[in-house]
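Visitor: I would like to go through this model from its overall build to its ligand site and any internal space. Please keep to what can be computed from the atoms.

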Amino acid sequence: MNKTVLITGASSGIGLKFSHKFAGSGHDVILVARSEEKLLALSQEIMNKYGVKAYVFLSDLSKPQASKKLYDEIKAQGIRVDILINNAGFGLFGEFEETELSKELDMIQVNITALTELSKYIGKEMVSRKNGRILNVASTAAFQPGPLMAVYYATKAYVLSFSEALANEWASHGVKVTALCPGATETGFSDAAELQSSKLFQSGVMSVEEVVEEGYKQMMTKDKVVIVPGMKNRMLTQAIRFMPRKMVTNIVRKVQERV
Ligand SMILES: NC(=O)c1ccc[n+]([C@@H]2O[C@H](COP(=O)([O-])OP(=O)(O)OC[C@H]3O[C@@H](n4cnc5c(N)ncnc54)[C@H](OP(=O)(O)O)[C@@H]3O)[C@@H](O)[C@H]2O)c1
């Protein structure tokens with residue numbers, strides 16, 4: 001039976017590719033983001049190309065009531081979510097005393113609060129059905145502190161920790177939870193975070209296709225709890241476990257600095 005997949009941040013980058021991947025595998029998709037034109041065009045393209053349903057729900061997840069409103073609207077239309085992809089998110093580059101607090105509070109709302117709320121509302125239904133799957137997009141940033149992107153790295157540490165704990169709690173309820181932890185990936189993310197000239201993004205990025213293919217396969221066929229796409233990213237996240245944390249933090253700062 002076709003499943004219905006809700007994807008936040010479906011209008012570009014990783015979420016856009018996940019929307020194609022799930023629809024191309026025969027699933028109906030619920031596309032969520034703020035960009036109306038992009039989502040309407042995407043839903044038309046998906047319906048024509050794959051012959052599945054593609055619903056559009058506009059939502060600004062940085063607004064405190066947005067996640068509950070989104071959930072209520074989806075329920076009111078009688079749509080059941082079988083798979084939840086909490087992908088919407090963004091970062092911000094700069095020294096903490098100089099960055100805009102309002103942007104950081106919005107980031108916490110999107111990267112942490114909305115992800116937690118949607119996991120609660122939709123996850124509870126999955127638990128009562130004893131079936132479902134949630135994928136939360138974290139980052140390799142989740143594994144260590146990130147000077148010059150302090151708030152972003154901290155939000156992703158939350159996503160990883162939360163996802164692993166939930167995966168443990170819900171294993172006995174038939175609900176699978178995964179944290180996808182990409183490294184630098186070629187999407188609109190670096191522009192949005194004002195990161196284009198950071199060494200991190202100058203030293204090689206993965207393609208969004210590679211990240212989504214690996215994430216989809218490891219989640220859907222292997223039920224992996226933590227997925228780090230790419231050999232280089234996997235080696236780096238393992239290597240730092242044996243280094244003093246202060247040293248790791250200093251290295252991240254060097255990598256983050258502008259070229
Ligand atoms: N690219 C990387 O290097 C990288 C690495 C590790 C992890 N990640 C994570 O991957 C996820 C996807 O990012 P991406 O790389 O695909 O970047 P992207 O191309 O900039 O896409 C971000 C998506 O999030 C949505 N979004 C942003 N703010 C939103 C809001 N307030 N309400 C609703 N939707 C919002 C955007 O849609 P609208 O603008 O239309 O609302 C867009 O669809 C993020 O969680 C990011 O932290 C990215």
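Visitor: How many helices and strands are there in the chain?

Guide: This is a predicted model, where local features need pLDDT of at least 70, side-chain atom pairs count only at pLDDT 80 or more, and totals for chains, interfaces and linings use all residues. Residues are numbered from 1 along each chain as its sequence is written, and side-chain values use heavy atoms, with hydrogens and water left out. Helices (H or I, at least four residues) and strands (E, at least two) are DSSP runs, numbered from the N terminus. The chain has 10 helices and 7 strands.

Visitor: What is the radius of gyration of the chain?

Guide: The radius is taken over C-alpha atoms, and the globule rule is 2.2 Å times the number of residues to the power 0.38. For 259 residues the rule gives 18 Å, and the chain comes close to that, so it is as compact as a globular protein of that length; its radius of gyration is 18 Å.

Visitor: Which side chain has an N or O atom 2.6 Å from an oxygen atom of the ligand?

Guide: A polar contact is a pair of N or O atoms within 3.5 Å; within protein, one must be able to donate a hydrogen and the other to accept it, and residues adjacent in sequence count only if both atoms are side-chain atoms. A polar backbone atom of Gly9 is 3.0 Å from a ligand oxygen, and a backbone N or O atom of Phe189 lies 3.4 Å from one. The side chain at 2.6 Å is that of Arg34.

Visitor: Which elements give two or more residues to the shell around the ligand?

Guide: A residue is near the ligand if one of its heavy atoms lies within 4 Å of it. The ligand is surrounded by 30 residues, with Ser11, Arg34, Ser35, Tyr152 and Thr187 the closest. The elements giving two or more are α1 (13-24) and α5 (150-170).
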